[in-house]
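Student: I am new to this structure. Please pick one part and take me through it closely, then show me what surrounds it.

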Amino acid sequence: MTKTSTAPVLSVRELNRATLARQLLLRRATLSAKDAVEHLVGLQAQNVKPPYHALAARLEGFTPEELSAAMEAREVVRIVTMRSTIHTHTADDCLTLRPLVQAARERELHGFRKGLAGVDLDRLAAIGRELVETEPRTMKQLREALLVEWPDADPAALAIAARCRLPLVQVTPRGLWGRSGQVALTTAEHWLGRPSEPAPAPDATVLRYLAAFGPASVKDMQTWAGLTRLREAFERLRPQLVTFADEHGVELFDLPDAPRPDADTPAPARLLPEFDNLLLSHADRSRVVSADYKGRTWRGNQAYPTLLVDGFLAGVWRLEETGGRAVLTVEPFGTLTDRQRAEVTGEAARLLTVLSGSPQSPSPSSVSASSSASYDIRFGTVVRG
């Protein structure tokens, strides 16, 4: 990462507050679900519920049905893009961001060369496209159909090649609130009824990344996008950007008029889903995750939803729903003050209220009564073993 000694220095707390402001986490925004997905340049969506939890934390008046309706109307879709992970994107971003990262998806296939020996990847893409555009296919169905053409190939490698070569979206009802089904795939172009854009220069996406995650270094954006060699784009844009340095002297770029709140700006407690992009989109995550808590949100292959207190990672949480009753358990990593504990409880009650279908936040005095009726909020152990 480039270091500089002349730019103004931003402290960790200043970076924290700036990023939270861009991420709609200092105060909830009144944007629509679709507009929020666009502003955030997509939401991590390995599982069905995280995008809903992410927007509940960020938007005033949000209801899960709003995002679900946008997905059903094909205004937003679920597709593999940045870092080879499933994201929820607007239709427009699906057709531009996937081409932007396509070269990285192609490079993924280098690790599967042995299993793809003798496979013509162009022909595989053509056959795969015809299959999924005839009717949406599960990965198993697609793999089995491709195996007929290349019986000596590794079945898993064939499926990965199709996913990397083709912009495959998950068709509804997968991803809909309360109605999700198995993963079935077709091409983005077929689902949306229009062609993908040619692979764009990254410049416009650099500006959007800074608007949602800045101030940030070149390496930060490369971490977010799963791309390399973005320095040239930042240098082209340098005349219209401002630069800072972090406490280690790393050069950070930003939009001139983007919000950079004071370090002492209050940051309310927030409950974020697992894989939230706030925690995954910088090479240096210290602006949100202290060194003491690094790696605490994972155990093996299990990632946990996260708790922010005063803007920083402060714990994990778990939601269990059985028999019409929800139990939300919070595990703080350290001791919370009485005020912080009450704030976390209020935020948890709000999340449960939103997920139940009402966008209104309960008053603190109603939390106890509400929890006894339909949900329970507990402080306990989430990460077991």
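Tutor: Arg-83 sits in the loop between β2 and β3. This is a predicted model. The phi of Arg-83 is near 60°, a positive value in a residue that is not glycine. Most residues other than glycine have a negative phi. The loop belongs to the hairpin of β2 and β3, with five residues between the strands.

Now follow the two strands of that hairpin. β2 covers residues 76-80, and β3 covers residues 86-90. The two run antiparallel and are joined by five bridges. For one point of reference, find Arg-78: Thr-88 in β3 stands opposite this residue.

Stay with β2 for a moment. Is this strand covered or open? β2 is mostly covered, with five of its five residues buried. In a regular strand the side chains alternate between the two faces of the sheet. Look for that here. Val-76, Arg-78 and Val-80 point one way from β2. Val-77 and Ile-79 point the other way. All of these residues are buried, Arg-78 included.

β2 has another partner, β4, which spans residues 168-170. This pair is also antiparallel, with two bridges. Ile-79 of β2 has Val-169 of β4 as its bridge partner. Strands of a sheet pair through backbone hydrogen bonds, either parallel or antiparallel.

Next, step across to β3 and look at its pairing with β1. Two bridges join β1 to β3, and these strands run antiparallel. Here Gln-44 has His-87 in β3 as its bridge partner.

Put the strands together. Five strands make an open sheet, in the order β1-β3-β2-β4-β5. The pairing is antiparallel. Which strands are at the edges? They are β1, at residues 43-44, and β5, and each pairs on one side only.

Past β4, check the backbone again. Pro-173 lies in the loop between β4 and β5, the latter at residues 185-187. The peptide bond that joins Thr-172 and Pro-173 is cis, with omega about 15°. Most peptide bonds are trans. A cis bond also joins Gly-214 and Pro-215, where omega is about -5°. Pro-215 is placed in the loop between α10 (203-213) and α11 (218-225).

Arg-83 can also be set beside Phe-275. Phe-275 is not a glycine, yet has a positive phi of about 65°. Its place is the loop between β8 (270-272) and β9 (298-299).

Finish with a pair of helices, α3 and α4. Two packed helices are described by the angle between their axes and the distance between the axes. α3 takes in residues 50-58 and α4 takes in residues 64-72. Their axes come within 9 Å and cross at roughly 130°. That angle is neither over 145 nor within 65 to 115, and α3 and α4 are therefore oblique to each other. The crossing of α3 past α4 is right-handed.

Which residues meet there? From α3 come Pro-51, Tyr-52 and Leu-55. From α4 come Pro-64, Leu-67 and Ser-68. By class, the contact has five nonpolar residues, one polar and no charged ones.

To retrace the main path, begin at Arg-83 in its loop. Move into β2, where five of five residues are buried. Then go out along the order β1-β3-β2-β4-β5 to either edge.

Conventions: Residues numbered from 1 in each chain as written. Predicted model: local features only at pLDDT ≥ 70, side-chain atom pairs only at ≥ 80, totals over all residues. Heavy atoms only, no water. Axes fitted to C-alpha atoms, helices over the stretch in contact; angles between N-to-C directions. Helix = DSSP H or I, 4+ residues; strand = E, 2+ residues; numbered from the N terminus. Parallel < 35°, antiparallel > 145°, perpendicular 65-115°, else oblique. Left-handed = near helix turned anticlockwise from the far one by under 90°. Contact = heavy atoms within 4.5 Å. Nonpolar A, V, L, I, M, F, W, Y, C, P; charged D, E, K, R; others polar. Buried < 20%, exposed > 50% of the residue type's maximum accessible area, 1.4 Å probe, protein only. Pairing = 2+ DSSP bridges.
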